[in-house]
Amino acid sequence: MNFLRMSELNLTDKVVLIREDLNVPIKDGKVTSDARLQASLPTIKMALEKGAAVIVCSHLGRPTEGNPEAVYSLAPVADYLTEKLSSQLSTPVRLNSDYLTQGANVKSGEVVLLENVRFNDGEKKNDATLAKKYADLCDVFVMDAFGTAHRAQASTEGVTQAMRQADKTVCAGPLLAAELDALSLALETPAQPMLAIVGGSKVSTKLEVLHSLAEVCTQIIVGGGIANTFLAAQGHSVGASLYEADLLDTARDIMTKTEILLPEAIGDNDMILDIAPESAKQLADAIINAKTILWNGPVGVFEVDAFGQGTQILATAVRDSDGFSIAGGGDTLAAIDKYQVADGVSYMSTGGGAFLEFVEGKVLPAVAALQIDA
Ligand code: 3PG
């Protein structure tokens, strides 16, 4: 797919609006996990280095439109950005709440953060009038929010269309471009054998992902509650663990397309909560031998140390493998963080739902809107 990249553009004295996904957990007014914020910093820094006046926008959580509650304010993110960008900024990052009526008022070398776009009526409905108001704020629109690229909303897809109608420049930011490059590498032309690790509580939420991955992967390790349904489909007892009885045929169908590696489970009060260590070591061997690895979802209740050993063994194998590895989803990144294996993971995606939809082969509307002719 062809799209303009921000890195190619001259932004001197241009007002640039960057859509980031700054949807991060916040507790007591402080950001508690900053992976997405860290990932957005190089884009903002690059725009500043290129001499732009920088406006950043994002959603946070799922507030009711038209009802701005303080708990969904991006104020803690403005503080975070001020601290992280202090060496490049002479003034703090300003949080702007009245930009729809008063404009953004930003000069070259400054960064203004727009208050949560989901406070605005029409954001989620992709209202064209609202999208035009965003477009009116800037000379160049940079779509960098991979984590929100599966949402066709006014600050993602709508503003891109409004910019085009006004004959203004739209481009992909470096983070979005890197995400698309890494995922395309893993899914379009994967070095084989390719192995996927798919965890999570239910097959039903990962059905399309499993079907798509079955087409490209030599092997898939299934873990968490998903494994229970596959174990049950093979006629094994899963004790008191939950499984989806109506998906047994689907599980069998997936097993005809690719090799499903099933953990031997250990139970606690007859509930499957982790992979038995011996079984995890066998799975680790498969991971070490893979040339491409895609990981989404935890394979045990790793948040509880007593049930984290299986996830740790698999995470360590991903780190030690020479294959190209890509990981996505909040729980997966939390496991990578907990077991400190990030250095050995080739690419960590900032996308949750967007990552899954890309893997499912769906078109991400905010990415499709960036497309230009070859
Ligand atoms: C996410 O966290 O997956 C993205 O920020 C999208 O958020 P949403 O599911 O509320 O649209």
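Trainee: Let's start with cysteine 57: is this residue buried or exposed?
Mentor: Keep in mind that we're looking at a predicted model. The cut-off for buried is under 20% relative accessible area. Cysteine 57 has a relative accessible area of 1%, so by that cut-off the call is buried.

Trainee: Which cysteine has the closest sulfur to that of cysteine 57?
Mentor: A disulfide needs the two sulfur atoms within 2.5 Å. For cysteine 57 the closest cysteine sulfur is 8.9 Å away, too far for a bond. The residue that carries this closest sulfur is cysteine 138.

Trainee: And cysteine 171, how far is its sulfur from the closest cysteine sulfur?
Mentor: Cysteine 171 is buried, at 1% relative accessibility. Its closest cysteine sulfur sits in cysteine 138, and the gap is too far for a bond. The distance is 10.0 Å.

Trainee: How many disulfides does that leave us with?
Mentor: A disulfide is a covalent bond between the sulfur atoms of two cysteines. Cysteine 57 is too far from its closest partner at 8.9 Å, and cysteine 171 is too far at 10.0 Å. The count of disulfides for the structure is zero.

Trainee: On to charges, then. How many salt bridges does the structure hold?
Mentor: One of them pairs lysine 362 with glutamate 208, and another joins aspartate 320 to arginine 319 at 2.9 Å, N to O. Both residues of that second pair are partly exposed, with aspartate 320 at 42% and arginine 319 at 35%. The number of salt bridges in the structure is eleven.

Trainee: Take lysine 362 and glutamate 208: how many residues apart in sequence are the parts they tie together?
Mentor: Their side chains meet in a salt bridge at 3.6 Å, N to O. Lysine 362 belongs to the loop between α13 (353-359) and α14 (365-368), while glutamate 208 is in helix α7 (residues 207-216), so the separation in sequence is 154 residues.

Trainee: Which residues form a network of salt bridges with Lys362?
Mentor: Lysine 362 meets glutamate 208 at 3.6 Å and glutamate 360 at 2.9 Å. Lysine 362 is partly exposed at 35% and glutamate 208 is partly exposed at 45%, whereas glutamate 360 counts as buried at 16%. The residues linked with Lys362 in the network are Glu208 and Glu360.

Trainee: Now the ligand. Which residues surround it?
Mentor: Polar side chains are a good place to look. Asparagine 23 has a polar side-chain atom 3.0 Å from a ligand oxygen, and histidine 59 has one at 3.0 Å from a ligand oxygen too. The list of surrounding residues is Asp21, Asn23, Arg36, His59, Arg62, Arg118, Gly147 and Arg151.

Trainee: How much of the ligand's accessible area does the protein cover?
Mentor: Arginine 118 is one of the residues around the ligand, with a side-chain N or O atom 2.8 Å from a ligand oxygen. On its own, the ligand has 320 Å² of accessible area, and the part covered by the protein is 85%.

Trainee: What is the relative accessible area of threonine 311?
Mentor: Threonine 311 is found in helix α11 (residues 309-320). Leaving out residues up to four places away in sequence, it touches Asp274, Trp295, Val299, Gly300, Phe302, Ala335 and Tyr339. Threonine 311 is buried, and its relative accessible area is 1%.

Trainee: Let's do some backbone. Which residue precedes the cis peptide bond to proline 193?
Mentor: Proline 193 is in the loop between α6 (174-187) and β9 (194-198). Omega for the cis bond is near 5°. The residue on the other side of that bond is glutamine 192.

Trainee: Where does aspartate 13 lie?
Mentor: Its phi is near 60°, a positive value in a residue other than glycine. Aspartate 13 is also exposed, with a relative accessible area of 59%. Its place is the segment before β1 (15-19).

Trainee: Last one: is aspartate 167 buried or exposed?
Mentor: Aspartate 167 sits in the loop between α5 (154-165) and β8 (169-172). Its phi is near 60°, positive although the residue is not glycine. The relative accessibility is 73%, and aspartate 167 counts as exposed.

Terms used: Residues are numbered from 1 along each chain as its sequence is written. This is a predicted model: local features need pLDDT of at least 70, side-chain atom pairs count only at pLDDT 80 or more; totals for chains, interfaces and linings use all residues. Side-chain values use heavy atoms; hydrogens and water are left out. A salt bridge is a side-chain nitrogen of Lys or Arg within 4 Å of a carboxyl oxygen of Asp or Glu. Helices (H or I, at least four residues) and strands (E, at least two) are DSSP runs, numbered from the N terminus. Buried means under 20% relative accessible area, exposed over 50%, partly exposed in between (1.4 Å probe, protein chains only). Contact means heavy atoms within 4.5 Å. A residue is near a molecule or strand if one of its heavy atoms lies within 4 Å of it. A polar contact is a pair of N or O atoms within 3.5 Å; within protein, one must be able to donate a hydrogen and the other to accept it, and residues adjacent in sequence count only if both atoms are side-chain atoms. Accessible areas come from the Shrake-Rupley method with a 1.4 Å probe; for residues, only the protein chains shown count as cover.
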